[in-house]
Structures are given as structure tokens and as C-alpha cells.
Amino acid sequence: MNSKKVPQTLTIAGSDSGGGAGMQADIKTMQEHHVFSTSVVVGLTAQNTLGVQSVLPTPVDMINAQFDSVFDDFDIKAAKTGALFDQQRAETVVDNINKHNIHPIVVDPVMVAKGGARLLDDSGIDAIIKKLIPIADIVTPNLPEAEVIYGKKIEKNDDVIAAATYIQQLGAKNVIIKGGHQEGDTLSDYVLLENSVNFTIESPKYDTVRKHGTGDTLSSAIVSNLAKGLSIKEAIIEGKHYIDTILQSEIIVGHGHGPLNHWGAEDEIR
């Protein structure tokens, strides 16, 4: 019998019944990266590729119990947050990150689902900005999320740099502002690292509606690579490469914003 110890990761997020985003995208991504994923379910969604039909946040006591169960048994090397739904759940997650000293922690500040449904209320956004981002090792907002955090419109490259600097000044060590909402044929993600190194990662804009779960997948790929021992910069670059790879190979699932093809990178991940 062959035995193998593998890196263990944690996703702290909501469940997507349609399987394309949220915790399901996280677990699929981590599995493809050959790390073992544990989970803390912060809320349930009735969701498919057409949208979010209903949301049910997890009771706080159950969130606490899940954290305790995971850390009583598993050796978590890296973790991420996704949809946290409201202020009470966000603050509960922050309390548990501090209690269990969870690092590195990647914060994907999920605010709106691909179909437009809100997954975080105003007080929850405030908790993310004031309490979660300051303890994050990496924050991965898209442009609309970065605008909410920054409090200003982001219209040109200088605005992206200023927003990333502002988010870093909130306490986040490293910031990625994703360019998926940009116009044009080429997208540019801006990365600001804690050692003042900054760079952009450019990629083609793929003409497809099958991008459901892209943000969750990127943050999960980064977490997986961190758990395997890559540096912050290496983990970000490899995570972005994973996204670009799987976007080039579609699967036909659902009738709306379809999910990513996580099998699309199997020949590259080891």
C-alpha cells in the first residue's frame, strides 16, 4: 500500500448548489492541485447558472463548531475566505482566524454573484474592510469590489495602483486587483506585494459566458500553491496560469453563466 502525506487547506465560504462557484469551486480547484481541502460552510445558497434563488446563513454556533473540528484534527497550511453574507458571520470568521492563528489567509471579498445577486450586506462589507482585510495575507478583489473598498471609481491604471495601495494600507500584506471587468481584448491583473514589488499579469479576454466561479477558483489556486510551499509571488502567478488554462477549454453545463472546466489543467498540475 502506498501512503502519501499531502498539504491540507481550508475554504471558509458559502455553498453553491449549482457547483460552479463558492465552496464547490474551491474544493474542485484544490483537488486538481493535489491538496486536501477541508471546509467551513458560512452559508447555503440555492443557486444555479441562471442566478441565486435563496440564501440561508449558517448559525454562528455551527460556524464556530466547524472551525474547532477542523483545527482539532487537520494540519492546515493555507486557507481562504469567500462569501460571508453579513456582519455577524464576517466577524465570527475573523474571530476564528485570530483564535486559530490561520495564516496564510487569502481573502476573496465576495460581494455580488456572477448573476448580480448580493452575497454581502452593507454592514458585512464594513466588517470585511475594517476587520478582515487588516489580517489578510492576500486580498483578491475584482474591479467593482476594489471600488467599494477604495470608496472611489477606478477608471484608469493610476486608479488601480492607488486603490491597491489604499487596500494595502488597511493592513493587507499583498493585494491583487483583478482585471476581468476591463474592456478590450487584453485583461490586466495588478499585483502589489508587501515588499513594494508590483507587477501586472496580462492575459487574453476569453469570449465565453462559462466563467462562473472564476474569482473563487483563482483564490483557491493561490491557496493550494501556498500550501505546497510556493512563495506569494509564485503562488499568484501559478494561480493565474491555472485560470487562463482552464478558460481555454469549455464544458457545456447549465443554461446561463456556466462553470469553469477544472479538468482543463490536469496535464499540467502535479
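**View 1. Lys 80 and Asp 26 meet in a salt bridge.** Their closest approach here is 3.0 Å, N to O; the term salt bridge covers a side-chain nitrogen of Lys or Arg within 4 Å of a carboxyl oxygen of Asp or Glu. Lys 80 sits in strand β4 (residues 76-81) and Asp 26 in helix α1 (residues 22-32), so the pair ties together parts that are 54 residues apart in sequence. Helices (H or I, at least four residues) and strands (E, at least two) are DSSP runs, numbered from the N terminus. Lys 80 is buried, at a relative accessible area of 0%, and Asp 26 is buried at 0% too. Buried means under 20% relative accessible area, exposed over 50%, and partly exposed in between (1.4 Å probe, protein chains only). A quick word on what you're looking at: this is a predicted model, where local features need pLDDT of at least 70 and side-chain atom pairs count only at pLDDT 80 or more, while totals for chains, interfaces and linings use all residues. Residues are numbered from 1 along each chain as its sequence is written, and side-chain values use heavy atoms, with hydrogens and water left out.

**View 2. Asp 126 and Lys 130 form a salt bridge within helix α4.** The N to O distance is 3.5 Å. Both residues belong to α4 (residues 122-132) and are 4 residues apart, about one turn of the helix. Asp 126 is partly exposed, with 36% relative accessible area, and Lys 130 is exposed at 57%.

**View 3. Lys 240 and Asp 189 share a salt bridge.** Their closest N and O atoms are 3.2 Å apart. This one links distant parts of the chain: Lys 240 is in helix α8 (residues 232-246) and Asp 189 in strand β8, 51 residues apart. Both Lys 240 and Asp 189 are buried. Add Asp 244, and you have a network of salt bridges linking Asp 189, Lys 240 and Asp 244. Across the whole structure, a search finds 12 salt bridges.

**View 4. Strand β8 has β7 and β9 as antiparallel partners.** Two strands pair if DSSP finds at least two bridges between them. With β7 (residues 174-177), β8 has 3 bridges, and Ile 176 stands opposite Val 191. With β9 (residues 198-204), β8 has 7 bridges, and Asp 189 has Ile 201 as its bridge partner. β8 and β9 make a hairpin with 5 residues between them, and Ser 196 in the turn has a positive phi of about 75°. In β8 (residues 186-192), 5 of the 7 residues are buried, so the strand is largely enclosed by the rest of the structure.

**View 5. Zoom out to an open sheet of 9 strands with mixed pairing.** The order is β3-β2-β1-β4-β5-β6-β7-β8-β9. At the edges are β3 (51-57) and β9, each pairing on one side only. Strands β5 (residues 105-107) and β6 (residues 138-139) run parallel, joined by 2 bridges, with Val 107 opposite Val 139.

**View 6. Ile 177 belongs to the largest nonpolar core.** A nonpolar core is a set of buried Ala, Val, Leu, Ile, Met, Phe, Trp, Tyr and Cys residues joined through side-chain atoms within 4.5 Å. This core has 46 residues, and those touching the most other members include Leu 10, Phe 67 and Ile 177. Helix α4 gives the largest share, 5 residues. A second, separate core of 25 residues includes Met 30 and Ile 201.
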